[in-house]
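Please take a moment to look over the sequence and the fold before reading on. The paragraphs below go through the sheets, then the helices that pack on them, and then the contacts between side chains.

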Amino acid sequence: MSTSIVVNRVRRGFYLDSVALMRHSRRLSEQSGVAEASMMVGTPSNLKILEEAGLLDDSGRAATPEDLVVAVIADDEKAAENALAHAEDLLANRAGGGSAAASYRPRSLDGALDALPGANVAVVSVPGEYAAETARKAMRRGLHVLIFSDNVPVADEVALKREARQRGLLMMGPDCGTAILNGVPLAFANAVPAGDVGIVAASGTGLQEVSCLLAQGGRGISQAIGTGGRDLKAEVGGITTLAAINLLDADPATQRIVLISKPPSAEVLARVVGRIAESLKPFTVCFPGARELPMPANARLVGLLADAAADVLGRPIRASGKLEAAVADAARGLRAARTRIRGLFAGGTLCAEAQAVLLGRGLAVASNVPVPGASPLGGSESHALIDLGDDEFTKGRPHPMIDPGVRAAPLERVLSDPETAAVLIDLVLGWGAHADPAGAIRAVLERHTERPLILASVVGTDDDPQSLEGQIEILENCGVFVAPTTAEAARLAALAIEVR
């Protein structure tokens with residue numbers, strides 16, 4: 001019988017943005033004797049998340065939206081107290097140390113503008129209930145806005161984007177995870193060089209993979225504008241997408257434009273395609289899974305993120321023949337019972353792309369976030385790909401890009417499954433991501449001597465804080481096959497099944 005205990009500590013009248021709270025939650029989870037930990041502002045929706053995750057006690061239930069809840073599941077009281085003490089240290093040093101001036105964190109928009117009078121972009125990372133009000137205040141001070149927050153009602157999104165359009169401002173988001181503006185990375189982004197390619201993307205990890213592949217191929221980014229995942233839905237109408245295209249079309253530093261999104265509604269597609277046709281610049285349009293959609297003469301439609309980068313670079317991005325042969329040889333040596341592919345992804349779009357590749361090879365696929373042609377989990381499916389960044393895995397917990405421990409238990413299970421032939425994993429590097437995701441994978445793999453093939457893709461550059469080359473070296477040294485893209489990793493996994 002488990003003897004774990006749940007302990008909360010409530011900091012009254014204390015606020016810290018959600019990205020910082022996710023990082024702190026990860027650090028708490030790594031403490032000895034701690035099973036799970038989370039730090040959240042005490043809004044009703046956050047308290048519900050903590051309750052459902054089994055992380056709330058009576059003191060936490062009494063928290064208000066003005067409070068911060070530190071929640072811990074620990075082995076015993078001593079481990080819990082140590083974790084809470086560590087949380088206090090983290091919160092006391094929330095700006096990362098340094099001088100008083102360097103550690104100053106304004107508690108209002110006015111205070112922030114006083115500290116940075118030249119700022120023209122506001123990043124909103126507050127609970128979803130308050131994101132619209134905060135974004136509206138920022139716009140009315142003349143600021144472009146990136147809303148990192150999720151759980152913002154679509155009606156609020158539409159109203160904000162219409163107001164932004166009237167004011168000539170960009171409204172990126174809600175749930176916008178990535179942007180690079182004038183060389184400045186926002187939220188989760190990578191260290192990519194400046195260049196002449198502009199990106200408009202509804203997918204954060206999609207934007208990251210394409211920008212990194214371009215950087216690896218010698219091309220740079222002029223601007224990378226996130227729109228939020230709902231922008232091309234009929235209810236929103238592509239307002240930010242169209243505004244971003246207008247900006248990039250007028251930008252002399254942008255010579256080529258890449259658009260990344262799930263296929264839009266027919267009405268919005270017609271609007272976007274019509275705007276593309278008015279431009280004199282070439283476009284690459286990546287709608288994963290879409291086929292035979294109408295495109296003007298200056299645009300090419302592709303179905304994979306790797307194909308979008310390849311279209312700009314003018315050459316395919318493929319795994320080497322040596323890697324392909326090594327995977328095929330290793331697959332032939334697997335036990336006969338190993339017939340299934342399992343995928344454990346941190347990036348939702350990367351999970352979708354892998355599904356599309358396997359479906360294109362004629363394989364039956366299931367997922368917790370199935371693309372067209374795939375099935376929901378729960379049946380007798382042959383191959384299953386999981387998006388670990390989906391809400392069911394992240395309620396009350398950090399995203400797997402921040403805390404690779406989210407993937408540890410599922411990875412243990414598939415490695416121990418005698419039917420698993422190949423495991424697909426992705427690592428997403430850059431600012432905001434875990435300092436050593438490859439090391440976290442290695443720690444799990446070292447406990448399994450007889451195991452299936454592990455095929456990985458790594459999104460990043462050598463200038464990222466984690467270093468692409470260093471992360472690949474860690475993986476390869478523990479027997480992981482590292483492909484140049486998510487699509488190629490999935491193709492190699494399919495090859496491993498086919499050659500047997």
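Two strands are taken to pair if DSSP finds at least two bridges between them, and this is the sense in which bridge partners are named below. The model is a predicted one. In it, β18 and strand β19, which covers residues 453-459, pair in the parallel sense over 7 bridges, and within this pairing Ile-425 has Ala-456 of β19 as its bridge partner. Both strands belong to an open sheet of 7 strands with parallel pairing, whose order is β16-β15-β17-β14-β18-β19-β20. At the edges of this sheet stand β16 (375-376) and β20 (481-483), and because each has a single partner strand, one side of each is left without a neighbour in the sheet.

Helices pack against this 7-stranded sheet. Helix α13 touches β19 and β20, and its direction makes about 140 degrees with that of β20. Helix α19 lies across β14 (340-345), β17 (383-387), β18, β19 and β20, and runs at about 170 degrees to β19.

These two helices are also linked to each other through their side chains, for Arg-491 and Glu-324 meet in a salt bridge with an N to O distance of 3.0 Å. Arg-491 lies in α19 (residues 486-498) and Glu-324 in α13 (residues 321-332), so the salt bridge ties together parts that are 167 residues apart in sequence. The two partners differ in their surroundings, since Arg-491 is buried, with a relative accessible area of 10%, whereas Glu-324 is partly exposed, at 27%.

Strand β18 takes part in a salt bridge as well. The side chains of Arg-407 and Asp-426 meet at 3.0 Å, N to O; Arg-407 lies in helix α16 (residues 405-416) and Asp-426 in strand β18 (residues 420-428), so that this pair ties together parts 19 residues apart in sequence. Both Arg-407 and Asp-426 are buried.

A further sheet is formed by 3 strands, which make an open arrangement in the order β4-β5-β6 with parallel pairing. Here β4 (121-124) and β6 (171-172) stand at the edges, and because each has a single partner strand, one side of each lacks a neighbour in the sheet. Strands β5 and β6 run parallel and are joined by 2 bridges, and Val-145 stands opposite Met-171 in β6. Helix α7 (residues 128-139) packs on this sheet, where it touches β4, β5 and β6, and its direction makes about 160 degrees with that of β5.

Another parallel pairing is that of β9 with β10, which are joined by 5 bridges, and in which Val-200 stands opposite Ile-225 in β10. Of the 6 residues of strand β10 (residues 221-226), 6 are buried, so this strand is largely enclosed by the rest of the structure.

Turning to ring contacts, which residues form the aromatic pair of the structure? The structure holds 1 aromatic pair, and its members are Phe-148 and Phe-188, whose rings are tilted, at 5.9 Å centre to centre and with 45 degrees between the planes. Phe-148 lies in the loop between β5 (144-147) and α8 (154-167), and Phe-188 in the loop between β8 (184-187) and β9 (194-201), so the pair ties together parts that are 40 residues apart in sequence. Phe-148 and Phe-188 are both buried. A ring contact of another kind is made by Arg-11, which lies over the face of Phe-14, at 4.5 Å from the ring centre.

Side chains of opposite charge can pair when their charged atoms come close. In total, the structure holds 30 salt bridges. Among them is the one between Asp-67 and Arg-12, in which the closest N and O atoms are 2.7 Å apart. This pair links distant parts of the chain, as Asp-67 lies in the loop between α3 (58-61) and β3 (68-74) and Arg-12 in the loop between β1 (5-11) and α1 (18-29), 55 residues apart. Is each partner buried or exposed? Asp-67 is buried, because its relative accessible area of 3% falls under the 20% cut-off, whereas Arg-12 is exposed, with a relative accessible area of 52%.

Notes. Residues numbered from 1 in each chain as written. Predicted model: local features only at pLDDT ≥ 70, side-chain atom pairs only at ≥ 80, totals over all residues. Heavy atoms only, no water. Phe/Tyr/Trp six-rings, centres within 6.5 Å; stacked < 30°, edge-to-face > 60°. Helix = DSSP H or I, 4+ residues; strand = E, 2+ residues; numbered from the N terminus. Buried < 20%, exposed > 50% of the residue type's maximum accessible area, 1.4 Å probe, protein only. Lys NZ or Arg CZ within 6 Å of the ring centre and 35° of its normal. Salt bridge = Lys/Arg side-chain N within 4 Å of Asp/Glu carboxyl O. Contact = heavy atoms within 4.5 Å. Axes fitted to C-alpha atoms, helices over the stretch in contact; angles between N-to-C directions.
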